[in-house]
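Me: Could you walk me through this one? I have the coordinates open and would like to start with strand pairing.

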Amino acid sequence: MNLFAIALRNVFYRPLASMLTATSMALGVALVVLVLTISGVIEKSLERTSNVGYNLIIGAKGSPLQLVFNTVFFLSKPVENIPYSYYMEYLPGDGRQRERERIGGELKDPERSGLYSFLMKGGFAIPLCMGDYVDRFRCVATTPDYFELLKHGDANDLPYTFSSGRNFQDYSEEHGFFEAVVGAEVAESLNLKIGSEIFASHGAESGDTHAQGFAVVGILNRTGSPNDRGAFVNIEGFYLLEGHVAPDRDEDSGLEKAGTATAPERSSKLSKVRLPIEKREVTAILLKPSGFAAIGLEKQVNKTKFAQAVSPIAQIEGLLGVFVRPLRWALLALTSLVCIVSAISILVSIYNSMNERKKDIAIMRALGASRDHITIIILMESLMLALAGGLVGWLVGHALGPLSNPWTMPATGVRIDWLSFNSSLEPFIIPGLVLVGTLAGVIPAVAAYRTPVAKSL
Amino acid sequence: MLLEIANLKKSYPEPSGRRIPILDIPKFELAQGEQVVLRGESGGGKTTLLHIISGLVEADGGSVRLEGVELIGFSESRRDRIRAAKMGYVFQTFNLLPAFTALENVRLAMTFAGRAVDVARAKELLARVGLENRMHYLPSQLSVGQQQRVSVARALANRPKLLLADEPTANVDPANQSRIIELIQSTCRAENVALLLVTHSDDVASRFTRVEQLGELNRAAQQPVVEDAV
């Protein structure tokens with residue numbers, strides 16, 4: 001028998017005490033793993049999602065963080081709108097003129113290029129209209145560019161792909177302007193298939209739905225991003241829904257002119273008549289300017305009266321730095337305290353057993369075991385309890401991770417798997433347990449070391 | 001001579017700080033394979049003598065030589081090694097480790113001696129003491145007599161030169177007493193192991209040709225107790 005086998009036997013000889021001691025350690029480690037996993041998932045999700053392939057979000061003046069949460073994460077309350085014509089100022093090249101020809105309607109100085117078009121060379125601007133829901137999921141009205149120009153993934157290099165169907169079109173002979181693409185989770189939760197019809201509600205999760213539906217023509221593969229929870233509809237169709245027509249406003253006061261929020265006459269669902277430019281508004285514009293123009297553009301836009309430009313990465317980094325990371329450290333400190341209490345329980349358990357084991361230790365000494373042998377055996381027992389409890393806690397922590405999905409998924413869009421490794425701190429758990437187990441064993445080991453043999457026999 | 005003791009002294013402190021001499025043995029010798037019984041009054045220092053010989057307790061002075069090697073003055077760890085390698089110890093209360101089976105108790109002695117565990121010898125010893133069918137029993141599953149037999153097998157595990165037995169039959173019923181003593185004596189004879197056995201029992205003592213009275217060997221026991229003057 002070697003010293004390890006002797007220590008192991010001693011641990012198993014006191015099954016209840018050993019189990020309770022190891023369980024307390026397991027609970028502590030499970031909490032640490034859970035905190036690391038959930039905070040890691042949230043942080044990773046925020047970091048990954050903020051790197052969305054566009055540099056700026058343009059929206060109405062207000063809270064920058066709210067604009068980011070609303071646009072990127074589909075969270076928080078929708079922000080105010082800005083005119084569609086303002087979106088057209090960002091279209092690269094002669095995009096402004098082409099957009100006017102495509103849509104029609106009134107536009108000041110229709111022949112000129114967009115004010116910011118010179119900063120958008122090689123880039124893009126994608127409009128978003130938000131505020132409606134499909135069941136409990138956000139309804140995002142946009143253009144087909146959303147899935148053609150944007151990418152996802154850690155390196156932001158993965159194109160959006162469809163588990164079935166295709167991207168929606170600006171206009172299709174089959175569905176007119178009323179096509180939709182849904183995220184994987186939306187399709188799964190609402191049991192949607194290609195050909196299903198979804199109905200946007202009037203700006204609230206439980207509100208009445210619009211009469212006109214959108215045909216689902218594509219279901220996205222799961223991306224692990226908030227887009228899994230989005231119902232994306234063609235912006236052209238969205239504008240044609242009741243109540244989505246922007247009223248005319250008084251140029252000086254900005255007040256709505258009564259009776260001006262009227263939609264154009266359309267003969268049928270397949271009619272090609274669009275809502276004119278002056279009746280349109282957008283909630284946000286996803287912007288990728290050319291080269292390093294983003295910084296200058298952000299400053300310029302923020303000097304204007306009604307619009308703001310926000311860098312999602314900067315906002316998320318700020319959120320992580322101010323809130324998420326400190327909170328994680330606070331939670332880690334708390335859970336680490338639980339581990340320390342568990343270590344103390346190991347110490348107390350082994351130390352208390354020293355009294356009843358004095359004779360055993362003396363017998364081993366009488367058989368020729370040196371003080372070092374005894375010290376090593378006691379330290380091994382402590383280590384075994386810490387490691388066994390820690391390993392169980394680690395497994396339990398990872399097993400509990402998926403159970404938190406109902407709370408974390410809606411907020412992050414990320415599903416926690418059984419073995420998610422989302423924290424750089426996790427590799428330190430095992431060395432930490434070895435340290436804790438050793439420290440917990442030191443006092444009992446010293447007591448064992450000092451056991452007077454002749455008196456204890 | 002296997003064991004030579006000369007001018008061995010040991011005293012213990014009283015609460016007052018005064019030291020009470022327990023042992024003062026001018027000379028004691030034990031030959032290889034010799035079997036000696038040691039008798040004496042309770043509290044006379046018999047167990048202390050065995051502890052000093054085995055190195056569990058340090059002497060105040062004098063000499064204890066085993067196979068010509070002086071043990072007094074050695075470090076504790078060196079005494080541990082010598083005890084494990086050259087001595088076996090049978091205790092009055094058996095002192096088996098409760099978490100380990102009979103076979104493991106015997107093997108443990110080999111482990112602590114730093115030797116490769118000889119499972120065949122451990123089994124042979126247990127078979128010799130009549131426990132071939134109880135090798136994998138825990139001490140709590142064995143009778144008192146069986147436990148003491150395990151402790152005999154354990155004491156002989158490392159082929160010691162000297163077996164120290166401290167009242168090995170004190171907790172054993174009379175029927176088992178003679179069997180245990182016969183077992184210890186015959187096994188020591190078979191392995192050519194010297195035996196120093198402490199007992200109060202006349203029956204046990206009558207089985208030995210050499211019986212030593214500690215009171216006669218120990219000058220400390222011969223000194224009159226002097227009361228402190230008040």
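Reply: Before that, a definition: two strands count as paired if DSSP finds at least two bridges between them. Keep in mind too that this is a predicted model.

Me: Fine, so which residue is the bridge partner of B:Gln35 in strand 8 of chain B?
Reply: The partner of B:Gln35 in that strand is B:Leu195. Strand 3 (residues 35-39) and strand 8 (residues 194-198) of chain B run parallel and are joined by four bridges.

Me: And what order do the strands of that open sheet in chain B have?
Reply: The order is 6-7-8-3-9 in this open sheet of five strands, and the pairing is parallel. Strand 6 (87-90) and strand 9 (210-213) of chain B each have a single partner strand, so each of these edge strands has one side without a neighbour in the sheet. On average, and ignoring direction, neighbouring strands are turned by 20° against each other.

Me: Which strands does helix 5 of chain B touch?
Reply: Helix 5 (residues 144-155) packs on the sheet and touches strand 6 and strand 7 (162-166) of chain B, with its direction making about 170° with that of strand 6.

Me: Switching topic: how many residues does each chain give to the contact?
Reply: Chain A contributes 17 residues and chain B contributes 21 residues. On the chain A side, helix 10, spanning 312-366, gives the largest share, with four residues. By class, that side of chain A has ten nonpolar, five polar and two charged residues.

Me: What share of chain A is buried?
Reply: Of the 457 residues in chain A, 46% are buried, and the chain has 14 helices and 14 strands.

Methods
Residues numbered from 1 in each chain as written. Chains lettered and ligands numbered in written order. Predicted model: local features only at pLDDT ≥ 70, side-chain atom pairs only at ≥ 80, totals over all residues. Contact = placed C-beta atoms within 7 Å. Helix = DSSP H or I, 4+ residues; strand = E, 2+ residues; numbered from the N terminus. Nonpolar A, V, L, I, M, F, W, Y, C, P; charged D, E, K, R; others polar. Buried ≥ 20, exposed ≤ 12 C-beta atoms within 10 Å, placed from the backbone. Axes fitted to C-alpha atoms, helices over the stretch in contact; angles between N-to-C directions.
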